[in-house]
Amino acid sequence: MSSEEPNRTAAMPTEEAGQSVGSTSNQPNQNSDINSPRPPDQATRQNNLQRIQQRKQHVYNWPQVKKLVKLANYSACQVDECKCNGWKSCQPIIKSPKSDVPQLVTNFTDPCRSCTHTLENHFSHLPKNNDEEINKLLGMVVDVDNIFMGMHREEDADTKKVYYYLFKLLRKCIVAQTKPTIEGPLGQPPFERPDIASAVINFVFYKFSHLSQREWQAMYDLAKMFLHCLNHWNFETPSARRNTH
């Protein structure tokens, strides 16, 4: 793929730009107590993860031209001093004769609606001959789309901030073509040493190591069950208690 082929076109379904495969957040059960911790619907979560993986695999199988057009929407313009961080089409949406899904027909010379530079200026820096790297970037794009939809569906302000942080992080990594690393004011996960899991296991060992092997194993299993609950319960966010005082 190069500038020697300016007249090649790609059809991009508009659903790619914003449709989420599966929300990463679970809807609460209206019949349950909203103030009590509850285990999430594991089947729904697993199903969402599976659908996201299927979506990524589908994107990985796209033609190279279509992959580059998709990445151009999330890539900074390569023209000197241009601040545009993603190509936006000026072309009207048309319907495919084979389906009812709207198609966005693009040409490599089409200008960006934001900066007026061509589509090719937004993907000329991508490693076109390295399909593995292209697919890694596309995988992050799928995650960005899902996080974006989850962020707009989320009602809790604190959870929305987490979505927004991850959204900005992945967008930045796509532009810079780097591996995402969670790095915030508190540092990197698990943030503290020892982490909660190590602290709980150390406590159990300190308090119950004198017991018989069978009794010790029972306490250890209880500790593991407790950690499992901590990892899967949906605890209240700080905003839930903000207006209670």
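A residue counts as buried when its relative accessible area is under 20%, as exposed when that value is over 50%, and as partly exposed in between. The exercises below apply this scale and a few other cut-offs to a predicted model.

**Exercise 1. Classify the ring pair formed by Trp-216 and Tyr-220, and decide how each of the two residues stands with respect to burial.**

Step 1. Begin with the geometry: the ring centres of Trp-216 and Tyr-220 are 5.9 Å apart, and two rings pair if their centres lie within 6.5 Å.

Step 2. The planes of the two rings meet at 40°, so the pair of Trp-216 and Tyr-220 is tilted; the stacked class would need planes under 30 degrees apart and the edge-to-face class planes over 60.

Step 3. Place the pair in the chain: Trp-216 and Tyr-220 both belong to helix α6 (residues 213-232), where a spacing of 4 residues separates them by about one helical turn.

Step 4. Apply the burial scale, on which Trp-216 is buried with a relative accessible area of 18%, whereas Tyr-220 is partly exposed at 27%.

Step 5. Finally, look for further partners, since ring pairs join Phe-205 to Trp-216 and Tyr-220 in a cluster.

**Exercise 2. Describe how helices α5 and α6 are arranged, and find which residues make the contact between them.**

Step 1. The axes of α5 and α6 are 10 Å apart and the helices pack at an angle of about 160°.

Step 2. Because angles over 145 degrees count as roughly antiparallel, α5 and α6 are therefore roughly antiparallel to each other.

Step 3. The handedness is a separate property, and α5 passes α6 in a right-handed crossing.

Step 4. On the α5 side the contact includes Ile-196, Val-200, Val-204 and Phe-205, while on the α6 side Trp-216, Tyr-220, Ala-223 and Leu-227 are among the residues involved. Phe-205, Trp-216 and Tyr-220 thus appear in this contact and also in the ring cluster of Exercise 1.

**Exercise 3. Work out which parts of the chain are tied together by the ring pair of Phe-148 and Phe-167.**

Step 1. A search of the whole structure gives 4 aromatic pairs. In the pair of Phe-148 and Phe-167, the ring centres are 5.8 Å apart and the planes lie at 40°, so this pair is tilted.

Step 2. Phe-148 sits in helix α3 (residues 131-153) and Phe-167 in helix α4 (residues 157-176), so the pair ties together parts that are 19 residues apart in sequence.

Step 3. The surroundings of the two rings can then be compared, with Phe-148 partly exposed at a relative accessible area of 32% and Phe-167 buried at 14%.

**Exercise 4. Follow helix α3 through its salt bridges, and determine which partners lie in distant parts of the chain.**

Step 1. The structure holds 4 salt bridges, and one of them joins Asp-143 to Lys-56, with the closest N and O atoms 3.1 Å apart. This pair connects helix α3, which holds Asp-143, to helix α1 (residues 42-60), which holds Lys-56, across 87 residues. Asp-143 is partly exposed at 24% relative accessibility, and Lys-56 is buried at 12%.

Step 2. Another salt bridge joins Asp-131 and Lys-67 at 3.2 Å, N to O. Here too distant parts of the chain are linked, with Asp-131 in helix α3 and Lys-67 in helix α2 (residues 64-72), 64 residues apart. Asp-131 counts as partly exposed at 36%, while Lys-67 counts as buried at 2% relative accessibility.

Step 3. Glu-133 and Lys-136 form a salt bridge whose closest N and O atoms are 3.7 Å apart. Both residues lie in helix α3, 3 residues apart, and are separated by about one helical turn. Glu-133, at 31%, is partly exposed, and so is Lys-136, at 46%.

**Exercise 5. Say where the positive phi values of Glu-81 and Gln-177 fall, and how accessible these residues are.**

Step 1. Start from the expectation that most residues other than glycine have a negative phi.

Step 2. Glu-81 departs from a negative value with a positive phi of about 70°; Glu-81 lies in the loop between α2 and β2 (94-95) and is exposed, with a relative accessible area of 77%.

Step 3. Gln-177 has a positive phi of about 55°, is found in the loop between α4 and α5 (196-208), and counts as partly exposed at 32% relative accessibility.

Technical notes:
Residues are numbered from 1 along each chain as its sequence is written. This is a predicted model: local features need pLDDT of at least 70, side-chain atom pairs count only at pLDDT 80 or more; totals for chains, interfaces and linings use all residues. Side-chain values use heavy atoms; hydrogens and water are left out. Rings of Phe, Tyr and Trp (its six-membered ring) pair if their centres lie within 6.5 Å; planes under 30 degrees apart count as stacked, over 60 as edge-to-face and the rest as tilted. Helices (H or I, at least four residues) and strands (E, at least two) are DSSP runs, numbered from the N terminus. Buried means under 20% relative accessible area, exposed over 50%, partly exposed in between (1.4 Å probe, protein chains only). A salt bridge is a side-chain nitrogen of Lys or Arg within 4 Å of a carboxyl oxygen of Asp or Glu. Axes are lines fitted to C-alpha atoms, for helices over the stretch in contact, and angles run from 0 to 180 degrees between N-to-C directions. Angles under 35 degrees count as roughly parallel, over 145 as roughly antiparallel, 65 to 115 as roughly perpendicular and the rest as oblique. A crossing is left-handed if the near helix is turned anticlockwise from the far one by less than a right angle, and right-handed if clockwise. Contact means heavy atoms within 4.5 Å.
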